[in-house]
Amino acid sequence: MARKMLVDGEVAAVADAGQYDYDLFVIGAGSGGVRGSRLAASFGAKVAICELPFHPISSEWLGGHGGTCVIRGCVPKKILVYGASFRGEFEDSKNFGWEINGDINFNWKKLLENKTKEIVRLNGVYQKILTNAGVTLIEGAGSLVDAHTVEVSQPDGSKQRYTAKHILIATGSRAQRVNIPGKELAITSDEALSLEELPKRAVILGGGYIAVEFASIWRGMGAEVDLFYRRELPLRGFDDEMRAVVASNLEGRGIKLHPGTNLSELSKTADGIKVVTDKGEELIADVVLFATGRTPNSQRLNLQAAGVEVDQIGAIKVDEYSCTSAPSVWAVGDVTNRINLTPVALMEATCFAKTVFGGQQVKPDYGDVPCAVFSIPPLSVVGLNEQQALEEANSDILVFTSSFNPMKNSISNRQEKTIMKLVVDAETDRVLGASMCGPDAPEIIQGIAVALKCGATKANFDSTVGIHPSAAEEFVTMRSVTRRVSPTSKPKTNL
């Protein structure tokens with residue numbers, strides 16, 4: 001008996017056995033591809049997935065099950081953040097009675113070895129998850145022949161074709177390099193996670209997540225770090241007030257900030273890499289990291305063969321259900337350039353599988369998606385920032401803020417405040433957004449995200465009993481309005 005799927009709101013039988021090799025063929029075994037394939041298989045679909053051979057550093061012929069996040073992104077990055085955080089802990093421990101005699105040495109190679117062991121383990125875990133779900137694993141690079149055929153190529157030139165009723169593209173994105181003289185001397189985040197030697201002098205170009213996080217990592221491990229970015233503040237797109245806090249914290253940790261500055265040339269010297277800025281400044285570095293954004297990984301997919309449309313940067317165009325311009329081809333995750341976060345790719349893939357194979361028409365909900373920047377200390381946000389709230393507001397906005405010295409810092413004497421912020425609609429009392437920069441911010445904001453998703457009001461926050469003593473209780477004890485802002489007086493920012 002044929003299985004059932006939901007397409008365009010109508011239940012349709014999955015193709016009879018023999019018409020296609022598979023009900024679903026997935027290109028890319030990152031977070032979105034794995035979720036979509038295993039969930040489709042749980043609904044009874046015959047599924048295959050193709051992925052490149054494993055390696056910590058991606059290339060044209062190297063990848064791995066788990067994708068960027070697991071192998072060369074969020075997971076190994078967080079491991080390095082943990083490693084870098086101990087520097088501050090050692091410093092803070094002295095006033096808590098810990099007497100550390102002699103030098104404290106950091107062994108980069110040991111951390112790197114343990115990080116690599118963990119991502120090798122996770123690569124195997126993802127393979128096992130797929131196998132246990134009944135998904136067929138195929139190694140190689142997938143591309144489209146037509147709207148129902150995928151060709152999987154091997155480095156030796158051999159190729160194999162497979163047909164499928166539906167094709168899901170989940171190939172993610174790749175780090176991009178700035179086109180300046182000497183660009184080949186720079187590295188991207190892929191290589192930064194697997195450097196054989198820890199740099200003593202690092203230059204980072206970029207002001208986003210990756211740039212700020214690696215600045216914190218390398219500084220925490222003892223390197224001299226210079227961070228260059230084009231705007232006045234890092235983390236464009238985040239709340240301006242919180243961006244200023246992050247910048248202050250970076251400087252407080254010893255990172256040299258160079259706002260409004262770009263790099264113009266790199267050259268190799270006997271002392272290292274010579275870096276020249278667009279302001280004529282020169283400095284020498286052991287490593288130059290380009291953290292200047294990522295580009296959709298769609299170039300080798302031969303999308304035009306199936307009539308799949310892309311935008312000007314190569315992102316695959318999809319509708320609200322993740323369907324491309326070819327009705328049998330779907331796409332999720334960073335390759336579509338919607339909200340480029342691993343949990344969002346998981347959400348999109350879940351909705352895809354439920355819609356096409358689960359008999360449920362479900363589309364992703366991009367409202368109140370929380371996120372975090374794992375700087376030291378971290379920044380985490382959910383909902384609208386103050387600037388976004390004013391753009392969308394029909395009434396005044398109430399801003400509540402709390403700036404305080406964490407209890408731990410009162411003993412350690414670290415001069416680093418925690419900042420919290422709530423943005424509230426004055427007319428409805430609904431909390432539109434929450435931000436926090438300080439220890440444990442992502443853990444706290446994840447809980448706040450549930451409240452916002454449920455439509456919580458400021459009154460709901462105020463009536464909630466806090467946990468004492470904790471930083472989190474500040475979110476339910478902010479009683480005084482810091483400022484009231486009218487949409488007619490929207491602050492213009494180009495920071």
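User: Is Ser189 buried or exposed, and why?
Analyst: In this predicted model, local features need pLDDT of at least 70 and side-chain atom pairs count only at pLDDT 80 or more, while totals for chains, interfaces and linings use all residues. Residues are numbered from 1 along each chain as its sequence is written, and side-chain values use heavy atoms, with hydrogens and water left out. Ser189 lies in helix α5 (residues 189-192), helices being DSSP runs of H or I with at least four residues, numbered from the N terminus. Because its relative accessibility is 6%, and buried means under 20% relative accessible area with a 1.4 Å probe, protein chains only (exposed is over 50%, partly exposed in between), Ser189 counts as buried.

User: Which residues does Ser189 touch, not counting those up to four places away in sequence?
Analyst: Contact here means heavy atoms within 4.5 Å. With residues up to four places away in sequence not counted, the partners of Ser189 are Ala175, Ile210, Phe214, Leu289 and Arg294.

User: Which helix gives the largest share of the largest nonpolar core?
Analyst: A nonpolar core is a set of buried Ala, Val, Leu, Ile, Met, Phe, Trp, Tyr and Cys residues joined through side-chain atoms within 4.5 Å. The largest one has 47 residues, and Phe214, Trp218 and Leu289 are among those touching the most other members. Its largest share, 6 residues, comes from helix α6 (residues 209-220).

User: What phi does Gly359 take just after α8?
Analyst: Helix α8 covers residues 342-357, and its buried residues include Val356 and Phe357. Just after this helix, Gly359 takes a positive phi of about 70°.

Conventions. Helix = DSSP H or I, 4+ residues; strand = E, 2+ residues; numbered from the N terminus. Expected span 1.5 Å × (residues − 1).
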